[in-house]
Amino acid sequence: MSTRGEILELVRRGSRFLVSCHLRPDADALGSALGWAAILRVLGKEAVVYTADVPPRMLEFLPDVERIVHALPSGPPFDASFVMDAAAAPLVPPLPREICGPVVMIDHHAAHDDFGDFVLREDDACATGVLVLRLMRELGIERVPATAAKPLYAAIVADTGGFRYPGTSAETLRLGAELLEAGADPWETAYNLFEGWEEERMKLLGAVLERMELVDEGRVAILVVTRRMLEQVGADDEMVEGMVNYGRMLQGVEIAALLWEMPSENGPLTKISLRSSGRADVAGIAKALRGGGHRAAAGANLAEPLDAARRRVLELAKRALGDGQRALI
Ligand SMILES: [Mn+2]
């Protein structure tokens, strides 16, 4: 039986499932988890959504967020546990088999580690939310249930940058239309995902842009966020998400990298977010730093201070642009 067949069989046979996603969940991770749980419930199954981290405020508008648990429930083991949108094992909370049963990865990242007992990875999909909709059909559900529409729409809108990125296909737009018919709200989603900024966040963006560094003849933009910058404007870490995109927005920039000094008790930790405007493959850079992601959006965590991380990223970015001639999008 194919892995896909085995996963569908696990769903058909089981009655109680855990649904989780990568740490620090974003809209695709959480939306896919909530959407998949809603579909399992329509099939008459019990589904518990578990995230180790509390979801960011911008995702609080999604239905059923308040039902999410942040500690593994006790009781009999689950028939299976699903992990949505996780490219690499370090991005997943521990899922002990005696509580979680077999672990099923459902993901769409091109650069990744495989882990878990079953892996469904389809990198042609613009979002993990699309994989959920494909599985839904294979389980015999034709129409998207209302409870799954909002989270799955948010998953797709977020990972396509609002239906803009090259991964956006005719299928993506058809699925978007279907999710609107099933009850998703386009403006509510867009406002929560892309707008509705706190004043502190806007001030932080100002500080980040002020310090933006252009290197390699303006082809690489380096943005930094230090603990001190956050303190100065009263911003928190959640507000940093997505700021790397402003580096890519500038004409001539092919790679934008945001280096983010993370709070850490065990020595220095720098989170790196990478974006490509099309030619360069930033997933390759992330992979060289033991991270993961897509051609145009990827990331990694480095146990190094910001300056050292900056040097490594810059070197890899220059190399990626040098080899980039063949790698058309
Ligand atoms: Mn995703």
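Let's start with the overall layout: the domain assignment of the protein chain gives two parts, domain 1 (4-194) and domain 2 (199-322). Keep in mind as you look around that this is a predicted model. The C-alpha centres of domain 1 and domain 2 lie 27 Å apart. Where the domains meet, the contact takes eleven residues from domain 1 and 14 residues from domain 2.

How can we describe such a meeting place? The size of an interface is often given as the accessible area lost when the parts come together. Here, domain 1 and domain 2 bury about 1,000 Å² between them, and 47% of that area is on carbon and sulfur atoms. On the domain 1 side, three names are worth finding in your viewer: R24, R57 and A111 supply 50% of the area that domain 1 buries against domain 2, more than any other three residues.

Polar partners also reach across this interface. Between domain 1 and domain 2 there are three salt bridges, and five residue pairs are in polar contact. For a salt bridge to look at, turn to R57 again: its side chain meets the side chain of D236, with 3.1 Å from N to O.

Now let's move to the metal. Which residues coordinate the manganese ion? They are D28, D85, H108 and D159, and their donor atoms sit at 2.1 to 2.3 Å. The three aspartates use OD atoms, while H108 uses NE2. Along the sequence, these donor residues follow the spacing D-x56-D-x22-H-x50-D. Take D85 and H108 as a pair: they are 23 residues apart and link distant parts of the chain. D85 lies in the loop between β3 (80-84) and α3 (97-100), whereas H108 lies in the loop between β4 (103-107) and β5 (118-121). Both D85 and H108 are buried.

One more residue rounds out the picture around D85. H22 lies in the loop between β1 (16-21) and α2 (27-42). Is H22 buried or exposed? H22 counts as buried because its relative accessible area is 11%, and the cut-off for buried is under 20%. The side chain of H22 makes a polar contact with the side chain of D85 at 3.3 Å, so this histidine touches one of the residues that coordinate the manganese ion. The H22 side chain makes another polar contact, with the side chain of D26 at 3.4 Å. Leaving aside residues up to four places away in sequence, H22 touches A29, M84, D85, A86 and L91.

Technical notes. Residues are numbered from 1 along each chain as its sequence is written. This is a predicted model: local features need pLDDT of at least 70, side-chain atom pairs count only at pLDDT 80 or more; totals for chains, interfaces and linings use all residues. Side-chain values use heavy atoms; hydrogens and water are left out. Donors are N, O and S atoms within 2.8 Å of the metal (3.2 Å for Na, K and Ca); water is not among the atoms, so sites may look incomplete. Helices (H or I, at least four residues) and strands (E, at least two) are DSSP runs, numbered from the N terminus. Buried means under 20% relative accessible area, exposed over 50%, partly exposed in between (1.4 Å probe, protein chains only). Domain bounds come from an automatic or database domain assignment. Contact means heavy atoms within 4.5 Å. Buried area is the accessible area (1.4 Å probe) that two parts lose on being put together, summed over both. A salt bridge is a side-chain nitrogen of Lys or Arg within 4 Å of a carboxyl oxygen of Asp or Glu. A polar contact is a pair of N or O atoms within 3.5 Å; within protein, one must be able to donate a hydrogen and the other to accept it, and residues adjacent in sequence count only if both atoms are side-chain atoms.
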